[in-house]
Amino acid sequence: MDEIELPDMAERKRVEEALARSVAVIEAAHEAGGLGVWSYDFATQTVEGDERAKALFGLAAEGPLARQDWLGAVHPDDLSAVQAELDRATAARGDFRAEFRVVRPGADVAWVLAFGRVSYDPADDHALWMTGVFFNITKRRVAEEALRESRNRFEAAVQAVEGILWTNNARGEMEGEQPGWAALTGQTAEEYQGSGWSNAVHPEDAGPTVVAWNEALAEGRIFSFEHRVQTSGGAWRSFAVRAIPVRGADGQLREWVGVHTDVTARKEAEERQALLIRELHHRVKNTLATVQAIVSATARSAETIEDFY
């Protein structure tokens, strides 16, 4: 009789425990990330989702649901884009990715980030199913909208005082699109990136500006300065500059937000006033000198006090 080899029970138990741990890790990741798992069957046109996926869409039914049941929860303004992205991913054999709103019972609106990947039949290459995950990104989108509204209000306030808004990264370098600065100076994005903006500052002011800016960066304090900037039309205009360091909740510097305010009219008025004061001082000085000369001459020729007066 052949010897029967019994399975290694210890090894089997070890594999089962490892599998259980892996499942637990995946579940924890799904829970922590707010992930909902889903799978779309192209043959039956149904979508199977776990509890988190269904809760995100406001669906309570058990088992697979028709594709239209899921799409029916998508906000009407986003539905056509979601359907187009699904069709594109299927036809192009690419990944599906979309951000959209879902309207849940009670008109509660949530934002969803969806990822999916199509699997194809190796025999005839037709699409079998698409599997993926849903993320609840409502908090992120609400925060982004609040930030956008805040920035819009700030930009409106800047425009009200005829200011030019710009931003720098935490290192004090200009980066990304800066439409206000580009419109003012005529510099391209490539030209003003980093410290390239200083090339639009008057040569006599550029050096002192950079020194003062670096000092503010090192100390993390508000930057306040005045200098001349060459506009896109070639004229030199005077600007008051103020930049504020923006910090995150952890206290770390995130970026700098600055404003250039045109003070050319004020500077010109100050120069005219200074010129007027100098002229006035000059005239008063000349008048006093004349008076003093007359007094001296009269005093020399007068023999008595009565003659002096």
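In what order do the six strands of the open sheet run? The legends below start there, working from a predicted model.

**View 1. The open sheet has six strands with antiparallel pairing.** Going across the sheet, we meet the strands in the order E3-E2-E1-E6-E5-E4. At the edges sit strand E3 (65–66) and strand E4 (96–104), each pairing on one side only. As a reminder, strands of a sheet pair through backbone hydrogen bonds, either parallel or antiparallel.

**View 2. Strand E1 meets strand E6 in the sheet.** Residues 35–41 make up E1 and residues 127–136 make up E6; the two are antiparallel and share seven bridges. A handy place to find your bearings is Asp41, which stands opposite Trp129 in E6.

**View 3. Helix H4 packs on the sheet.** This helix spans residues 76–92 and touches E4, strand E5 (108–120) and E6. The directions of H4 and E4 make an angle of about 150 degrees.

**View 4. Within helix H4, Arg88 and Glu85 are joined by a salt bridge.** Their closest N and O atoms are 2.8 Å apart. The two residues are three apart in H4, which means that about one helical turn separates them. Is each partner buried or partly exposed? Glu85 counts as buried because its relative accessibility is 15%, under the 20% cut-off. Arg88, at 38%, counts as partly exposed.

**View 5. Asp95 and Arg117 form a salt bridge through their side chains.** The N to O distance here is 2.8 Å. Asp95 belongs to the loop between H4 and E4, while Arg117 is in strand E5, so this pair ties together parts that are 22 residues apart in sequence. Asp95 is partly exposed, with a relative accessible area of 40%, whereas Arg117 counts as exposed at 52%.

**View 6. Helix H5 carries a salt bridge between Glu145 and Arg148.** The closest N and O atoms of this pair lie 2.4 Å apart. Both residues belong to H5 (residues 138–160), where they are three residues apart, about one turn of the helix. Glu145 has a relative accessible area of 33% and is partly exposed; Arg148 is also partly exposed, at 40%.

**View 7. Five residues are linked in a network of salt bridges.** Which residues take part in this network? Look for Arg97, Glu99, Arg140, Arg141 and Glu144. Side chains of opposite charge can pair when their charged atoms come close. For the wider picture, the structure holds 19 salt bridges.

Methods: Residues numbered from 1 in each chain as written. Predicted model: local features only at pLDDT ≥ 70, side-chain atom pairs only at ≥ 80, totals over all residues. Heavy atoms only, no water. Pairing = 2+ DSSP bridges. Helix = DSSP H or I, 4+ residues; strand = E, 2+ residues; numbered from the N terminus. Contact = heavy atoms within 4.5 Å. Axes fitted to C-alpha atoms, helices over the stretch in contact; angles between N-to-C directions. Salt bridge = Lys/Arg side-chain N within 4 Å of Asp/Glu carboxyl O. Buried < 20%, exposed > 50% of the residue type's maximum accessible area, 1.4 Å probe, protein only.
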